[in-house]
Amino acid sequence: MLTTLKRIVQEMSQIPALDEALFNVASRVKQVMQVDSCSIYLADYDNQEFILKATDGLHPDAVEQVRIGFSEGLIGLVGQREEPLNIEDAHRHPRFKHYPEVHEENYKAFLGTPIIHQRKVLGVITMQQAKMRFFSEDEEAFLVTLAAQLALEISNAEIRGALSSNDILPSTLHQKKVMGIAGSPGLAIGHGFSTDSTVDLRRFVVKRTDDRSQEVQRYRKAVEITREQVDELSNSLEEGIPDDVKAIFQLYHHLLDANSLGREVEAKIQEQWCAGSSLKMVVEDYAARFANMDDPYMQERAIDIVDLSNRILVNILHQARGERPQVTLADKASILVAEEVSATMLAEFPREHLKGIISIRGSNNSHAAILARAMGIPAVMGCQNVSPTLLENKEILLDGYSGEIIIGADNAIRQSFVQLIEEEALLAEQIASEANKACETEDGCRMSLLINAGLSVEIETVARNQGKGIGLYRTEIPFMLRESFPSEKEQIKLYSEVLRCVPEQQVTMRTLDVGGDKPLPYFPINEENPFLGWRGVRLTLDHPEIFLVQIRAMLKASLGLSNLQIMLPMISSVNEVQEASRLIEQAFFEVSEEIKDTGETLVRPRIGVMLEVPSVLYLLPQLARHVDFFSVGSNDLTQYLLAVDRNNTRVAALYNSYHPAVLSALYDIVRQSDAHKIPVTVCGEIAGEPGGAILLLGMGYRRLSMNAHNIGKINWVIRNVNLKESKNLLACALTAQTHQEVYAHINDYLEQKGLGGLIRAGS
Ligand code: PEP
Ligand code: MG
């Protein structure tokens, strides 16, 4: 059943015209489910009707002719109830309405399922049979599963231009607008550039090679990695998986065997084709043979072979450094589109052509979004209703304020977008011209703005130019970009550059915070709940050898300076602080011993903790006895306080740092920290947002750390507001019912102060 379903959906996505694709679905369903009719209706919201778009079983002339009101007949009922309707004898149902054109007099049994995308009914799919009977649970489950997948394909169809002009779909789709999650503010125009689509065997451009033995090695290594991945996948599936799924894995293993695909691929490499090209040639030949077989089961194997080969191809390309197509192909203003945008992808993309980012997965506080904001590149996250390949090479207008993307916009919209980009640039110029003025409110309250660094090299340069301290140096990115843990020497070099960049200012270096959504390629962690698992200090305390090397490197890098502060991430209990402090003390002692005859001086660093796990809210008095400073990680604090995965698109609407509960927690932290005389900074994303900075000012925070791109903007905001008003705004926010209400208060205030242009396009 699973493979049949997969095949039907894949076939649909490959047929360019929607009418034809829907007809294919209807007839394949009729055939495999052995029913007398299958039909698909799509919703026309303008006229409040369902239109018969495809059928195999009803009269073909009724297609496009039969229109059923949203509140009429059984189709209308399925749409209204938004759930399947399984009826033994449709004619006897009180809602049955006779439409003579369809000739369904002989059909008694009826099963209808709504096609729903993002809570909106796009249509209805039905199966009908002459015999009077209820459809079985399996048949119902099949239709529901198929409908869910059809919904995605139908919404994609508009974007890939598959709908003919008289196709009717909800107006949001007609406008070729897709809504994602605002990931990084700003507007951008560029052509879609999909890194994922390049890793597709069908699109891979064949190349020759001179180095046959290297290509053979590359292929073998890729197969080895793929085998491990396939093993992992099959092990992760529970016992009792259906036979057809087992068969896929057996086939995968058979194909990965050196005597199967391998022999032929290596023979091609000997003919001087590179590994990827050889794989493509062999696999396409196989796939064509399978696809032409009469037996539908064997036909389905063609899809599996291509699927497996794409996995191998990805692993070949990952080894072939510098051979990644995206590096060479992006040669014009581009919007990078990927399933999941990674730090490596951004690092490799030619910066001058990178205008915007679309990540199909992820959310506003995924590290990819944080990275985009740090680079000052507009981004939209969680764009689940499009696939990267569909955006390839299409002109895209991207609005990082609202999270909207527009594909193939008409001239008028394009023009107004260009104008908004110009206005945005003007505002940025104005802000930049005042960037060096003191960060002080209208009524004289001073704020310290610090920099969040570590995500890109540029930032260190900005810190140097602006003479700002570094409130958070994330050390994990250099670990993620390497192929093994960096050595002590490598780390000393790195940290030394950062510390020496602003020798007069404090630099807060955070110890390694991997795990969660920041995996190390060479240290895989497989967990069901990574954000609640082996992350941050939990991992490094379990691996003192990694922790100690990092601390020693930080200490050695700080020789002759006195600006190092060490910060511990993901602290949830006092024990962890004690344990980490003991290791820091050990490293301090070791380094002091090593340098004792050199005449160099080693200053004991101040030690602080991130406040990002809710338990520490109730431990502040105890923690205050052990540390020198606190820094609030509002990104994780929001995630853990609200129990919302910061990286999960499905619950993205629930993740919000302006939730009144989060604001209360932030307020509580600053009051308690002040009471215990412990300096406190906010280094989560809220600190770099205009509304957030004003609320934090009102709460009593005087140190905010943010990505370098936001410094000028927040400086401008602080200079244009006053403390008294920020306290009033805070009072409204703390008593608000919802985060939407908080936003409304903030927006009113910003508009009133003439700062509206900072939170939306144009002003
Ligand atoms: C945070 O959680 O707010 C934080 C600053 O750390 P990160 O985003 O790196 O988890
Ligand atoms: Mg964090």
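In this predicted model, E612 and D636 are both buried. These two residues are the protein donors of the magnesium ion (ligand 2), E612 through OE and D636 through OD, at 2.0 to 2.2 Å from the ion. The pair joins distant parts of the chain, with the two positions 24 residues apart in numbering. E612 belongs to the loop between β19 (606–611) and α23 (620–624), whereas D636 is part of helix α24 (residues 634–642).

The setting of this site is a protein of 763 residues, 56% of which count as buried. Its secondary structure comprises 29 helices and 22 strands. Among contacts between residues at least 6 apart in sequence, 66% join residues at least 24 apart.

Two helix pairs may be set side by side.

| Helix pair | Axis separation and angle | Handedness of crossing |
|---|---|---|
| α21 (residues 544–557) and α22 (residues 574–595) | 9 Å, about 50° | right-handed |
| α25 (residues 660–675) and α26 (residues 690–699) | within 9 Å, roughly 40° | right-handed |

Helices α21 and α22 pack at an angle of about 50°, which makes α21 oblique to α22. On the α21 side, the contact is formed by P544, F547, L548, I551, R552, L555 and K556. On the α22 side, the residues are A580, L583, I584, Q586, A587, F588, E590, V591 and E594. Sorted by class, this contact holds eleven nonpolar residues, one polar residue and four charged residues.

For α25 and α26, the axes cross at roughly 40°, and the two helices are therefore oblique to each other. Here L663, L666, Y667 and V670 of α25 meet L695, L696 and M699 of α26. The residues of this contact comprise seven nonpolar, no polar and no charged.

Helix α25 also contains S673. With a relative accessibility of 0%, S673 counts as buried, because the cut-off for that class is under 20%. Apart from neighbours within four places in sequence, S673 is in contact with F630, I678 and V680.

Notes. Residues numbered from 1 in each chain as written. Chains lettered and ligands numbered in written order. Predicted model: local features only at pLDDT ≥ 70, side-chain atom pairs only at ≥ 80, totals over all residues. Heavy atoms only, no water. Helix = DSSP H or I, 4+ residues; strand = E, 2+ residues; numbered from the N terminus. Buried < 20%, exposed > 50% of the residue type's maximum accessible area, 1.4 Å probe, protein only. Contact = heavy atoms within 4.5 Å. Axes fitted to C-alpha atoms, helices over the stretch in contact; angles between N-to-C directions. Parallel < 35°, antiparallel > 145°, perpendicular 65-115°, else oblique. Left-handed = near helix turned anticlockwise from the far one by under 90°. Nonpolar A, V, L, I, M, F, W, Y, C, P; charged D, E, K, R; others polar. Donors = N, O, S within 2.8 Å, 3.2 Å for Na, K, Ca; no water.
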